[in-house]
Amino acid sequence: MGGPRLLADLGLTAAPASGSWSDDGRTVLHVVVDDRVLGALALEDEIRPESRAAVDALHRLGLKVAMITGDAQAVADAVARRLGIDEVAAQVLPADKADAVRRFQTGGRKVAMVGDGVNDAPALATADVGIAIGAGTDVAVESAGIILVRNDPRDVVGAITLSRASYRKMLQNLAWATGYNIVAIPIAAGILAPWGFQLPMAVGALAMSLSTVIVAANAQLLRRLRLRAGERPTGWPIALPA
């Protein structure tokens with residue numbers, strides 16, 4: 001029993017009724033005995049409702065979404081149309097997923113790979129960012145840089161949102177600390193002494209402590225970030241390996 005690849009390897013013709021099944025996005029498996037096609041089965045995975053929401057949210061972030069699957073091209077294209085996925089790599093063998101990631105990386109594109117199985121581990125390691133589902137295999141989790149605690153594709157959007165917000169905070173704190181020291185250090189060194197102003201050491205120490213407090217307080221504002229509508233600000237379903 002197998003899919004289109006099996007028939008191609010054996011040089012056999014698919015059952016006539018199976019053509020319309022593939023066009024509808026179903027996976028078609030043929031039963032072959034003694035090099036003769038006895039029949040066919042049509043299988044269809046149920047698409048999780050949150051998958052479309054995750055794809056739409058990624059598009060709003062300005063990202064393209066690609067799918068790597070071992071299913072037939074017709075099945076993959078049908079699912080991609082229903083979810084709004086931009087690119088598809090279909091009929092990919094488990095050992096070739098890493099090569100598919102490399103193809104997506106052509107042209108200098110950065111690729112974040114999401115996976116949960118043993119066969120996803122090489123692709124997770126090859127991608128610029130590996131995102132593993134926490135409920136997946138240990139090998140996939142060890143190969144990824146980000147681990148989603150929940151089995152929900154919308155948490156991928158949350159991981160990207162959190163990383164962008166953290167990067168903005170880093171730039172804000174860097175700009176504040178640099179600007180603050182550019183002004184404060186010359187004053188502490190006595191640049192205004194010719195005009196009769198000298199900064200007492202105690203005041204200078206207090207000013208430096210105040211700078212640290214401001215930077216820390218600005219970083220704490222990340223706790224107010226909502227990664228999903230209706231979710232508490234502190235509910236971050238994301239883990240970073242040590």
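A residue is called buried when its relative accessible area is under 20%, and in this predicted model Leu124 meets that condition, because its relative accessible area is 2%. Leu124 belongs to helix H6, which covers residues 121–126. Setting aside residues up to four places away in sequence, Leu124 touches Met113, Val114 and Gly115 on the one hand, and Gly130, Ile131, Ala132, Ala140 and Ser143 on the other. Arg26, by contrast, stands 98 residues from Leu124 in sequence, and the C-alpha atoms of the two are 27 Å apart in space.

From H6 the reader may move along the chain to helix H8, which runs over residues 154–188. With 35 residues at 1.5 Å a residue, H8 should span 51 Å, and its end C-alpha atoms are 50 Å apart, so the expected and the computed values agree. The helix nevertheless has a bend of about 25 degrees, placed at Asn181. Its buried residues include Asp155, Val156, Val157, Gly158, Ala159 and Ile160, and further along H8 they also include Leu162, Ala165, Lys169, Asn173, Tyr180 and Ala184. Just after H8 comes Gly190, whose phi is positive, at about 95 degrees.

Positive phi values also occur in two residues that are not glycine, and both can be followed in loops. Asp34 has a phi of about 55 degrees and lies in the loop that joins E1 to strand E2 (36–43). Because exposed means over 50% relative accessible area, Asp34, with 74%, is counted as exposed. Gln91, for its part, has a phi near 55 degrees and is found in the loop between strand E4 (87–89) and helix H5 (97–104). The relative accessibility of Gln91 is 33%, which is why Gln91 counts as partly exposed, the class that lies between the buried and exposed limits.

The last feature to consider is a pocket. The second largest pocket holds about 220 Å³ of space. Of the 15 residues that line this second largest pocket, Gly3, Pro4, Gly70, Asp71 and Ala72 are the closest to its centre. Two elements, helix H1 (4–10) and strand E1 (27–33), give two or more residues each to the lining, and E1 is also the strand that precedes the loop holding Asp34. In chemical character, the lining of the second largest pocket is made up of seven nonpolar, five polar and three charged residues.

Definitions and conventions. Residues are numbered from 1 along each chain as its sequence is written. This is a predicted model: local features need pLDDT of at least 70, side-chain atom pairs count only at pLDDT 80 or more; totals for chains, interfaces and linings use all residues. Side-chain values use heavy atoms; hydrogens and water are left out. Helices (H or I, at least four residues) and strands (E, at least two) are DSSP runs, numbered from the N terminus. The expected span of a helix is 1.5 Å times one less than its number of residues. The bend at a residue is the angle between axes fitted to the seven residues ending there and the seven starting there. Buried means under 20% relative accessible area, exposed over 50%, partly exposed in between (1.4 Å probe, protein chains only). On a 1 Å grid over the protein atoms alone, a cavity is a set of points where a 1.4 Å probe fits but cannot get out, and a pocket is an open set with protein on both sides within 12 Å along at least five of seven lines; lining residues have an atom within 4 Å of a point. Grid points are joined across faces, edges and corners, and a volume is the space filled by probe spheres set on the points. Ala, Val, Leu, Ile, Met, Phe, Trp, Tyr, Cys and Pro count as nonpolar, Asp, Glu, Lys and Arg as charged, and the others, Gly among them, as polar. Contact means heavy atoms within 4.5 Å.
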